[in-house]
Amino acid sequence: MSNIDLTPLYRTMVGFDRMANMIDQAARLDGSQGYPPYNIERVDENAFAIEIAVAGFTQDDLEIETKEGLLTVAGKKTDTEDASGKNYLHRGIAQRSFIRRFQLADHILVTGAHLDHGVLKIELVRELPEEKKPRKIEIGASEAPEPKLIGKKSADAA
């Protein structure tokens, strides 16, 4: 993977350093990692789901954590081939430990997770604060102000 130099963005764009940091952080995430496979689904306009194939893992083997907009899913397999007493001729179901990270957008919250038939489903929702939501501004009718004459004195002032 090639490195991208974002230094010109820092020098020329005032206030965009957060965006440049996010691009830099996303470039550092291991995107070439293929295990475990996952799906990202849009359930609703403000709801999403991440499905991760974790065959052979139990709830005790999995750990989900969010910190500063980064969702981390880790699987730690403690049973080894020797400890289980099984002698495999072919082992196609990978049961190695993994860490999978997802960068979450602003205002995305993890609302739940469940494991069903070897698929870990993590539910996400976008909750915008009230001040960020669009709102309509009513245009009120006002009475036309009286015109003011410049340079003429009124009869009351004389």
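What follows is a chat between a colleague and a modeller about the strands of this structure.

Colleague: Before we start, what kind of model is this, and how are residues numbered?
Modeller: This is a predicted model, in which local features need pLDDT of at least 70 and side-chain atom pairs count only at pLDDT 80 or more, while totals for chains, interfaces and linings use all residues. Residues are numbered from 1 along each chain as its sequence is written, and side-chain values use heavy atoms, with hydrogens and water left out.

Colleague: OK, what is the order of the open sheet of three strands?
Modeller: The order is 3-4-5, with antiparallel pairing; strands are DSSP runs of E with at least two residues, numbered from the N terminus, and two strands pair if DSSP finds at least two bridges between them.

Colleague: And which strands stand at the edges there?
Modeller: Strand 3 (62-67) and strand 5 (98-103) do, and because each has a single partner strand, one side of each is left without a neighbour in the sheet. The twist from one strand to the next averages 15°, with axes fitted as lines to C-alpha atoms and angles running from 0 to 180 degrees between N-to-C directions.

Colleague: How many bridges link strand 3 and strand 4?
Modeller: Six bridges, in the antiparallel sense, with strand 4 covering residues 70-75; within this pairing, Glu 63 stands opposite Ala 74 and Thr 66 stands opposite Leu 71. The hairpin of these two strands has two residues between them, and Glu 68 takes a positive phi near 50° there.

Colleague: Is strand 4 buried or exposed?
Modeller: Six of its six residues are buried, so strand 4 is largely enclosed by the rest of the structure; buried means under 20% relative accessible area, exposed over 50%, and partly exposed in between, with a 1.4 Å probe and protein chains only. Leu 70, Thr 72 and Ala 74 point one way, whereas Leu 71, Val 73 and Gly 75 point the other way. In a regular strand the side chains alternate between the two faces of the sheet.

Colleague: Switching to Gln 103, where is it found, and what does its side chain reach?
Modeller: Gln 103 is found in strand 5, is partly exposed at a relative accessible area of 31%, and stands opposite Leu 70 of strand 4. Its side chain reaches the backbone oxygen of Gly 69 at 3.2 Å.

Colleague: Last one, what about the open sheet of four strands?
Modeller: Its order is 1-2-7-6, again with antiparallel pairing, and strand 1 (38-44) and strand 6 (108-116) stand at the edges. Seven bridges join strand 2 (residues 47-53) to strand 7 (residues 119-126), where Ile 50 has Ile 122 as its bridge partner.

Technical notes:
A polar contact is a pair of N or O atoms within 3.5 Å; within protein, one must be able to donate a hydrogen and the other to accept it, and residues adjacent in sequence count only if both atoms are side-chain atoms.
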